[in-house]
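Me: I would like to go through this structure term by term, asking each time what justifies the word that is used. Please set each value against its definition before you conclude.

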Amino acid sequence: SLKAPVVSAGGEHFSMKKTYGDVVPGQNLVLINSLDMLEIACSERGATEVLGIGRGSPVKVMDGGKFS
């Protein structure tokens with residue numbers, strides 16, 4: 001069975017969250033934004049600076065049940 005997806009980007013792994021409020025300030029997260037697009041973010045900071053990623057950076061989405 002499928003588990004919640006896990007996203008890999010910038011050498012980090014993230015589990016999906018519903019809102020920025022699901023994490024503490026400074027924590028990285030991945031969510032589906034209001035435009036129905038995958039968004040990699042850092043609460044109250046910029047993911048570009050924190051993770052060293054930006055537009056065009058490789059991103060991998062995996063079934064959380066198969067991630068180890």
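Me: Why is S34 called exposed or buried, whichever applies?

Reply: This is a predicted model, in which local features need pLDDT of at least 70 and side-chain atom pairs count only at pLDDT 80 or more, while totals for chains, interfaces and linings use all residues. Residues are numbered from 1 along each chain as its sequence is written, and side-chain values use heavy atoms, with hydrogens and water left out. Buried means under 20% relative accessible area, exposed over 50%, and partly exposed in between, with a 1.4 Å probe and protein chains only. S34 has a relative accessible area of 75%, and is therefore exposed. S34 lies in the loop between β3 (28–32) and β4, where helices (H or I, at least four residues) and strands (E, at least two) are DSSP runs numbered from the N terminus.

Me: What makes S43 buried or exposed?

Reply: The relative accessibility of S43 is 6%, so S43 counts as buried. S43 belongs to the loop between β4 (38–42) and α1, and, leaving out residues up to four places away in sequence, S43 touches Y20, V23, V24, P25, G26, Q27 and L29, contact being heavy atoms within 4.5 Å.

Me: Why does E44 count as buried or exposed?

Reply: E44 has a relative accessible area of 69%, and so E44 is exposed. E44 too is placed in the loop between β4 and α1, and its C-alpha atom is separated by 19 Å from that of H13, 31 residues apart along the chain.

Me: How do you know that β1 and β2 pair, and in which sense do they run?

Reply: Two strands pair if DSSP finds at least two bridges between them; four bridges join β1 to β2 (residues 12–15), and these strands run antiparallel. One of the bridge partners is E12 in β2, which faces A9. The hairpin of β1 and β2 has two residues between the strands, and in this hairpin G10 takes a positive phi near 60°. β1 also pairs with β5 (residues 59–62), in the antiparallel sense and over four bridges, with V6 opposite M62.

Me: What makes β3 and β4 a pair?

Reply: Five bridges join β3 to β4, and the two run antiparallel; L31 stands opposite E39 in β4. The hairpin that β3 and β4 form has five residues between them, and D36 in the turn has a positive phi of about 60°.

Me: Which residues make up the largest nonpolar core?

Reply: A nonpolar core is a set of buried Ala, Val, Leu, Ile, Met, Phe, Trp, Tyr and Cys residues joined through side-chain atoms within 4.5 Å. The largest such core has seven residues, V7, A9, F14, V30, A47, L51 and I53, and β1 (6–9) and α1 (47–51) each supply at least two of them. Both faces of β1 are covered, with V6 and S8 buried on one side and V7 and A9 on the other. I53 is in contact with A9, G10, I40, A47 and T48, apart from its neighbours within four places in sequence.

Me: Which residues line the largest pocket?

Reply: The lining consists of I40, A47, T48, I53, G54, R55, G56, S57 and V59. On a 1 Å grid over the protein atoms alone, a pocket is an open set of points where a 1.4 Å probe fits, with protein on both sides within 12 Å along at least five of seven lines, and lining residues have an atom within 4 Å of a point.
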